[in-house]
Amino acid sequence: MLDTIKIVLVNTSHTGNIGSVARAMKTMGLKQLTLVDPVQAPDSHASALAAGATDILANANTVDTLQEAISDCSLVLATSARNRTLDWPVLGPREAAAKVLSEAPKHKVAIVFGRENNGLTNEELQLSHYHLHIPTNPDYSSLNLAMAVQTVCYELRLQHLEAEAEQSRYQQQQDIGDYPRAEELERFYQHLETTLYNTGFIVKSHPGQVMTKLRRLYNRARPEESELNILRGILASIDKKC
């Protein structure tokens, strides 16, 4: 799912920021990086700050315009400082991640980040379907480029893992067999108690807490119907020998 999500950097000034973005992406499992008209192509400084994410840099696609970068995408989100002059739908990182992950299985998605000093122009912002705003401290809202990318990518990964876990739980529920009814479980306990009396494991005059503890054990284990049938079969085989 994360493979269809593209991080787009527009007119980045410092190659070190490109390397730091690559690192932020790789730690969260994203791979596709597109550079729109960077001031300078990634260099050794970018590779140093990528810190092991040089494969992201090596495979980065460089294009001349934002239109070209997003041409194959069906959903585009542009990071914004919440410019009040544009009446555009605005999402926070959590809502944006949910939107992206709902569409990523079927469509390519672009998340666009602007210049370090002044972000995206109004014309560039208008190429998006949604604006993405990170709700920083209003008294100090300065986020560097890699921090912003890391924040968004983290939310994407978090929700992606939650979706995987939910799918795994659903699959486990589908794989679980039927559980016995209470009356079936009670018949098993009666059978077990009778067998243990017959083998002498429980002494009728001093039964103690054996059955109470066995009930607690099997209730905690919660055997499925097929497993309970196996246990009943074991008891039946013991009864035959007795």
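Domain bounds, as I use them here, come from an automatic or database domain assignment, and I keep in mind that this is a predicted model.

**Entry 1, domains.** I looked up how the protein chain is divided, and I found that the assignment gives domain 1 as residues 5-173 and domain 2 as residues 182-240. I then took the centres of domain 1 and domain 2 over their C-alpha atoms, and I noted that 60 Å separate them.

**Entry 2, aromatic pairs.** How many aromatic pairs does a search of the whole structure find? I wrote down two. For Phe188 and Tyr189, the ring centres lie 5.5 Å apart and the planes stand at 50 degrees, so I entered this pair as tilted. Next I turned to Phe188 and Tyr218, whose centres are 5.1 Å apart and whose planes are at 85 degrees, and I entered that pair as edge-to-face. Because Phe188 belongs to helix α8 (residues 182-199) and Tyr218 to helix α9 (residues 210-221), I noted that their pair ties together parts 30 residues apart in sequence. Taken together, Phe188, Tyr189 and Tyr218 are linked by ring pairs into a cluster.

**Entry 3, burial.** Is Phe188 buried or exposed? I found a relative accessibility of 1% for Phe188, and since buried means under 20%, Phe188 counts as buried. Tyr189 is buried as well as Phe188.

**Entry 4, charges over rings.** I also looked for charged ends that sit over rings, and I noted the one of Lys204 over the ring of Tyr197, 5.5 Å from the ring centre. In the case of Arg222, I recorded that its charged end sits over the ring of Tyr179, at 3.6 Å from the centre of that ring.

Note on methods: Residues are numbered from 1 along each chain as its sequence is written. This is a predicted model: local features need pLDDT of at least 70, side-chain atom pairs count only at pLDDT 80 or more; totals for chains, interfaces and linings use all residues. Side-chain values use heavy atoms; hydrogens and water are left out. Rings of Phe, Tyr and Trp (its six-membered ring) pair if their centres lie within 6.5 Å; planes under 30 degrees apart count as stacked, over 60 as edge-to-face and the rest as tilted. Buried means under 20% relative accessible area, exposed over 50%, partly exposed in between (1.4 Å probe, protein chains only). Helices (H or I, at least four residues) and strands (E, at least two) are DSSP runs, numbered from the N terminus. A charge sits over a ring if NZ of Lys or CZ of Arg is within 6 Å of the ring centre and within 35 degrees of the ring normal.
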